[in-house]
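Good morning, colleagues. Please take a moment with the sequence and the model, and I shall then walk through two topics, strand pairing and charged side chains.

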Amino acid sequence: VQLVESGGGLVQAGGSLRLSCAGSGIPFSSNRMGWYRQAPGKQRELVASISRGGGAIIYADSVKGRFTISRDNAKNTMYLQMNSLKPEDTAVYYCNTVPAASFWGQGTQVTVSS
């Protein structure tokens, strides 16, 4: 089982990033998937999730209107388009099933400077 996140980086406030999650060894298309993030000193939180077919999407209030989650089941890949980034979005971002399974990838660091 492997989840590999990529696409993070350093960006100024107001900028954009697109994260990708590639899954292998799990029935990707059979699971609701989500993007989680963990900021320093804080608990990991779910910021966006998408149903198996992509028809039902939920966002945390903190990212609603700025982030867009999508998935391509044929490629076992999920994305998170992040626009209008804020310093408080700074965190390590992870992908996982929803609810989260016990395995986690390395995550991808997103740093937003003010």
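**Strand β10 and the salt-bridge network**

Let me begin with one residue pair: Gly-9 has Val-110 of strand β10 as its bridge partner. I should say at once that we are looking at a predicted model.

That bridge belongs to a wider pairing. Strand β2, residues 9-12, and strand β10 are paired in the parallel sense, with four bridges between them. Strand β10 also pairs with strand β9, residues 91-97, and here the strands run antiparallel and are joined by three bridges. In that second pairing, Tyr-93 has Thr-108 of β10 as its bridge partner.

Strand β10 itself covers residues 108-113, and its two faces can be told apart. Thr-108, Val-110 and Val-112 make up the covered face, whereas Gln-109, Thr-111 and Ser-113 make up the uncovered one. The two bridge partners I have named, Val-110 and Thr-108, both belong to the covered face.

I turn now to the charged side chains. In general, side chains of opposite charge can pair when their charged atoms come close. How many salt bridges does the structure hold? The count is four. Arg-37, Glu-45, Arg-66 and Asp-89 are linked in a network of such contacts.

Consider Arg-37 to start with. Its side chain meets that of Glu-45 in a salt bridge, at 2.8 Å from N to O. Is each partner buried or partly exposed? Arg-37 is buried, at a relative accessible area of 6%, while Glu-45 is partly exposed, at 33%.

Arg-37 forms a further salt bridge with Asp-89, where the closest N and O atoms are 2.9 Å apart. Arg-37 sits in strand β4, residues 33-38, and Asp-89 in the loop between β8 and β9, so this pair ties together parts that are 52 residues apart in sequence. Asp-89 has a relative accessible area of 1% and therefore counts as buried, the cut-off being under 20%.

Asp-89 also takes part in a salt bridge with Arg-66, at 2.7 Å from N to O. Because Arg-66 lies in the loop between β6 and β7 and Asp-89 in the loop between β8 and β9, the contact ties together parts that are 23 residues apart in sequence. Arg-66 is likewise buried, at 10% relative accessibility.

To close, the picture is of a strand, β10, paired with β2 in the parallel sense and with β9 in the antiparallel sense, together with a salt-bridge network that links Arg-37, Glu-45, Arg-66 and Asp-89. Thank you.

Technical notes. Residues are numbered from 1 along each chain as its sequence is written. This is a predicted model: local features need pLDDT of at least 70, side-chain atom pairs count only at pLDDT 80 or more; totals for chains, interfaces and linings use all residues. Side-chain values use heavy atoms; hydrogens and water are left out. Buried means under 20% relative accessible area, exposed over 50%, partly exposed in between (1.4 Å probe, protein chains only). Two strands pair if DSSP finds at least two bridges between them.
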